[in-house]
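My notebook is open and the viewer is loaded. Here is what I looked up, entry by entry.

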Amino acid sequence: MRIGELAARTGASVRSLRYYEEQGLLTSVRSAGGQRHYAEGDVERVAFLQRLYAAGLSSRTIVELLPCAYAPSEENSDAALERMARERDRLSAHIDELLRTRDKLDELVAVARAYREGLSARPAPDAPDATGPAHTCAAAGTAPGRHG
């Protein structure tokens, strides 16, 4: 089947299929005119690749896991299990870092809210000073004109 049909049958974009091929995850046979042709079994292979990508695995990791699926053995299974465990540890560490980052943002939001609530209790100043917008940004940890 041609690349467009494989894309239609798997829901993968033509661009993704070309990428899979570039990464060595999928192979095709070229016609005399240079068109890619795929085997029937490639429909399931693409579905498998999509599941691996959906699990957050990189192309490099997927290449390491493929021998377990296509050349099953105890050694390949053990290697795949070890690689998936390392990948899970990496994802867990990333999640922990994201949670720490969210907690820091929550702290900044709390400070900014407390400051904002204090503004409501005061009369509006005639001119900007240390209690104006610049102070609101400073309370949240960012000076005006300085982002990030």
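**Entry 1: a surface patch.** I found that Leu105, Leu108 and Val109 make a nonpolar surface patch of about 230 Å². Patch residues have over 30% relative accessible area and no salt bridge (a side-chain nitrogen of Lys or Arg within 4 Å of a carboxyl oxygen of Asp or Glu); nonpolar side chains (Val, Leu, Ile, Met, Phe, Trp, Tyr) are joined within 5 Å, like charges within 9 Å. The areas come from the Shrake-Rupley method with a 1.4 Å probe, and for residues only the protein chains shown count as cover.

I noted that this is a predicted model, where local features need pLDDT of at least 70 and side-chain atom pairs pLDDT 80 or more, while totals for chains, interfaces and linings use all residues. Residues are numbered from 1 along each chain as its sequence is written, and side-chain values use heavy atoms, without hydrogens and water.

**Entry 2: two residues of one helix.** I placed Val109 in helix 5 (residues 74–120), and Leu81 is in helix 5 too. Helices are DSSP runs of H or I, at least four residues, numbered from the N terminus. Is Leu81 buried or exposed? Leu81 is exposed, because its relative accessible area is 55%, and Val109 is partly exposed at 32%. Buried means under 20%, exposed over 50%, partly exposed in between. I also looked up Leu81 and Cys68: their C-alpha atoms are separated by 9.2 Å, at 13 residues apart along the chain.

**Entry 3: Tyr20.** Leaving aside neighbours within four places in sequence, I saw Tyr20 in contact (heavy atoms within 4.5 Å) with residues including Leu26, Val46 and Tyr53.

Key: Helices (H or I, at least four residues) and strands (E, at least two) are DSSP runs, numbered from the N terminus. Buried means under 20% relative accessible area, exposed over 50%, partly exposed in between (1.4 Å probe, protein chains only).
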